[in-house]
Amino acid sequence: MTSQAPAEPIALPATTLAPRRHVLDLDDFSRTEIDIVLDTALAMREVLDRDIKKVPSLRGKVILTLFLEPSTRTRVSFEQAGKMLSADVINIAGSGSSAEKGESLLNTTLTLQAMHADLIVVRHPQAGAPYFMARHLSRTGIINAGDGRHAHPTQALLDLMTMRRHLGSLDGKKVVIVGDLLHSRVARSNVFGLAAMGARVVISGPPTLIPLDLSRTSHSQGSLGGAAYEPDLDAAMDDADVVMALRLQTERQTAGMLPSVREYTRRWQVTEARMGRAKPSALVMHPGPVNEGIELSSSLAHGVASVIEEQVTNGVAIRMAILYQLLTGGELQTA
Ligand code: NCD
């Protein structure tokens, strides 16, 4: 029999998040707290690079994932993150669960708590569903993995991590977010996170796919308050440090929202020619899944400026960091 060497400790930052049971959006995260998550995630990334990708930190913890909308990256990365930290991760899909028999979200939530789950990671088509669940839970924590078009905090955190790794401090950096802002929970959470980190956000896209308050005036105090709107993508790209394209969310759009895909592509696709107006070192980002050749040209998606695959890797590290911080209070538990 071979004896296994104990897992190397993780070099975690000495600071912890304020006591927190849920992560619902980034609007209640301070810059310090975001930095703590990003620093924890950097330490977690090191575990990902190991030959044996497992540490015992969350042994004995139970994490349930409840995804009532499709997902590849988010669901798999939460599962992978939990398993690498030695938690027991149980995945519940919409089809095959009692949600299909018409069980209410409240009863599903209470049932999962009664099973002594420590955390529920939830993706739900209705905005606000994770908040509703959190309000009814006395012991179990909730992580919002995307609720309707409202929020997707862990995606924004992995985006911030990716930007910070390449650009250092985000203070004063110009981040252009282009596309279907109206339906994008990713953009909404990013606007909060980027504002907390001191970045300048410019959004671009067809007025029909921009929240109304923002398409009427720039610098509005609306739901994307703090961001400026520039409908002309070429002008928006000037001196950008980051260009983040968003997926056209056709499943959430109603008739008349989009001129035509051809027109959209002509005016708002992120292309090499347009990237010429950004800083030479500018990053190309996309939360995925990408409609290649629509919101982003294929050559850029796979080109040297693209950090799209790194976003996915950082996504595992961020989810490890969030699971770890919520379930241990950030206390150093390395053995
Ligand atoms: C995003 C989502 O589901 O909100 N994807 C993701 O989590 N990586 C963006 C999208 O679906 O376009």
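Strand 1 (residues 62–67) and strand 3 (residues 119–124) run parallel and are joined by five bridges, strands being DSSP runs of E with at least two residues and helices runs of H or I with at least four, numbered from the N terminus. Within this pairing, Leu-66 stands opposite Val-122 of strand 3. The model is a predicted one, in which local features need pLDDT of at least 70 and side-chain atom pairs count only at pLDDT 80 or more, whereas totals for chains, interfaces and linings use all residues. Residues are numbered from 1 along each chain as its sequence is written, and side-chain values use heavy atoms, with hydrogens and water left out.

Both strands belong to an open sheet of four strands in the order 2-1-3-4 with parallel pairing, where two strands pair if DSSP finds at least two bridges between them. Strand 2 (88–93) and strand 4 (141–147) form the edges, each pairing on one side only.

The largest nonpolar core, a set of buried Ala, Val, Leu, Ile, Met, Phe, Trp, Tyr and Cys residues joined through side-chain atoms within 4.5 Å, has 66 residues; buried denotes under 20% relative accessible area, with a 1.4 Å probe and protein chains only. Helix 12 (residues 308–328) gives the most to this core, with ten residues. Because domain 1 (31–151 + 313–328) and domain 2 (153–309) both give residues to the core, it lies between them, the domain bounds coming from an automatic or database domain assignment. A second, separate core has 25 residues, including Val-202, Ala-236, Val-243 and Val-270.

Note on methods. Buried means under 20% relative accessible area, exposed over 50%, partly exposed in between (1.4 Å probe, protein chains only).
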